Amino acid sequence: MAAYRARLRELDECLESDEIDVKRLKQLCFNGIPDEQGRRALCWKLLLNYLPSTRRTWSETLARKRLLYKQFIEEMIIIPGSCDNGGNRVDVTFADHPLNLNPDSQWQAFFKDNEVLLQIDKDVRRLCPDISFFQQASDFPCQEVVQNSGVKRLHKRVQHTILKSANVERKGIGIALSVKKAPEDYAPMPEGMEAHWEVVERILFLYAKLNPGQGYVQGMNEIIGPIYYTFARDPDLSWREHAEADCFFCFTNLMGEIRDFFIKSLDEAECGINGMMGRLGETLKTNDYEVWCRLQQQELRPQYYSF
């Protein structure tokens with residue numbers, strides 16, 4: 001216990017410095033970061049290069065980044081999902097039409113977005129099912145989205161277009177049309193509220209929109225989950241209120257380091273995931289041949305443990 005307190009004291013001294021020694025912080029965090037009093041959330045923001053090492057610049061950095069994220073929501077979610085005062089979707093396409101093959105067609109962008117959104121929606125509804133956190137209501141829902149939201153709520157956009165599929169059954173001499181809705185693990189919150197999984201869905205959708213060369217790949221939801229969970233449970237309400245924006249930029253910075261793992265065309269390249277797993281296997285074989293042999297006997301491939 002005394003050693004643990006000493007470790008906390010050393011970590012706090014590092015975090016409270018006017019100029020944070022990031023190299024020292026990495027050493028202190030190497031064996032795990034205590035979660036008490038929001039330490040883990042703060043350390044992750046520093047280690048993921050979201051917060052600069054100079055403490056006096058934090059306020060300006062946070063204000064700028066959070067405003068930028070708000071603009072992303074406005075441009076990519078609010079405006080495309082605009083509704084009139086009656087809650088009906090506004091047709092912003094005019095001369096455009098769903099069969100328009102022009103790459104600048106808003107319909108083409110809409111269909112492409114929804115193809116990505118379908119996968120994101122499916123994945124975030126299953127996020128960390130062993131805990132109830134992601135099914136619970138956020139303390140700070142995005143007001144621009146949840147108030148009179150219409151299809152500005154992304155799960156509604158999915159329902160309007162893809163999740164409802166028609167199954168045709170022949171009955172007698174006629175044809176009956178039955179509509180089946182894809183199963184949901186997590187239910188959406190009523191108007192004025194949103195669940196944490198809905199917030200994560202929005203972050204991942206914006207990331208995919210802003211990174212079209214990579215888009216969304218299954219597994220990103222498992223990476224972003226712990227980051228958002230940690231930020232959205234920060235005991236300091238001033239931090240928790242901006243968990244969504246802070247999580248977006250930390251996730252983006254992290255993906256900048258590991259994005260090659262999520263680009264299929266690079267799987268076989270030297271920097272790709274298969275190459276890295278191969279090198280890991282060779283390293284294990286060289287340094288601990290007995291363990292390597294045991295894994296081979298049990299047919300435990302690197303894909304099962306290396307991630």
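Does C14 count as buried or exposed, and at what relative accessibility? C14 counts as buried, because its relative accessibility is 9%. The legends below describe close-up views of a predicted model.

**Figure 1. Overview of the predicted model.** The protein contains 14 helices and 2 strands. Of its 307 residues, 38% are buried. Among contacts between residues at least 6 apart in sequence, 65% join residues at least 24 apart.

**Figure 2. Cysteine environment around C14.** The closest cysteine sulfur to that of C14 belongs to C29, at 7.6 Å. A disulfide requires sulfur atoms within 2.5 Å, and the separation between C14 and C29 is therefore too far for a bond. The count of disulfides in the model comes to 0. C142 likewise counts as buried, because its relative accessibility is 10%.

**Figure 3. The buried and exposed faces of helix 2.** Helix 2 spans residues 22-29, and L25, L28 and C29 are buried within it. Viewed down the helix axis, these buried residues fall within an arc of 90°, so they line one face of helix 2. The face turned away from the buried side carries the exposed residues K23 and K26. The cover over the buried residues of helix 2 includes helix 1 (2-15) and helix 3 (39-47).

**Figure 4. Packing around Y207 in helix 8.** Y207 is located in helix 8, which covers residues 196-210. Y207 counts as buried because its relative accessibility is 2%, and the cut-off for burial is under 20%. Leaving aside residues up to four places away in sequence, Y207 touches Q214, G215, M220, F248, F251, T252, M255 and R259. One of these contacts, F251, lies 44 residues from Y207 along the chain, and the C-alpha atoms of the pair are separated by 8.9 Å.

**Figure 5. The enclosed cavity and its lining.** The model has 1 cavity of 30 Å³ or more. The largest cavity has a volume of about 50 Å³. Its lining consists of V145, K152, R153, L154, H155, E194, E198, E201 and R202. By class, the lining of this cavity divides into 2 nonpolar, 1 polar and 6 charged residues. Helix 7 (154-161) and helix 8 each supply at least two lining residues. The largest share of the cavity lining, 3 residues, is from helix 8.

**Figure 6. The largest pocket and the helices that line it.** The largest pocket has a volume of about 490 Å³. It is lined by 22 residues, of which F140, C142, E241, H242 and E244 are the closest to its centre. C142, one of these central residues, is the buried cysteine of Figure 2. The pocket lining divides into 11 nonpolar, 4 polar and 7 charged residues. At least two lining residues come from each of helix 4 (58-78), helix 6 (143-146), helix 8, helix 9 (220-232) and helix 11 (243-258). Helix 4 supplies the largest share of the pocket lining, with 5 residues. Helix 8 contributes at least two residues to the lining of the largest pocket and at least two to that of the largest cavity.

Note on methods: Residues are numbered from 1 along each chain as its sequence is written. This is a predicted model: local features need pLDDT of at least 70, side-chain atom pairs count only at pLDDT 80 or more; totals for chains, interfaces and linings use all residues. Side-chain values use heavy atoms; hydrogens and water are left out. Helices (H or I, at least four residues) and strands (E, at least two) are DSSP runs, numbered from the N terminus. Buried means under 20% relative accessible area, exposed over 50%, partly exposed in between (1.4 Å probe, protein chains only). Contact means heavy atoms within 4.5 Å. On a 1 Å grid over the protein atoms alone, a cavity is a set of points where a 1.4 Å probe fits but cannot get out, and a pocket is an open set with protein on both sides within 12 Å along at least five of seven lines; lining residues have an atom within 4 Å of a point. Grid points are joined across faces, edges and corners, and a volume is the space filled by probe spheres set on the points. Ala, Val, Leu, Ile, Met, Phe, Trp, Tyr, Cys and Pro count as nonpolar, Asp, Glu, Lys and Arg as charged, and the others, Gly among them, as polar. The arc is that of the directions from the helix axis to the C-beta atoms.
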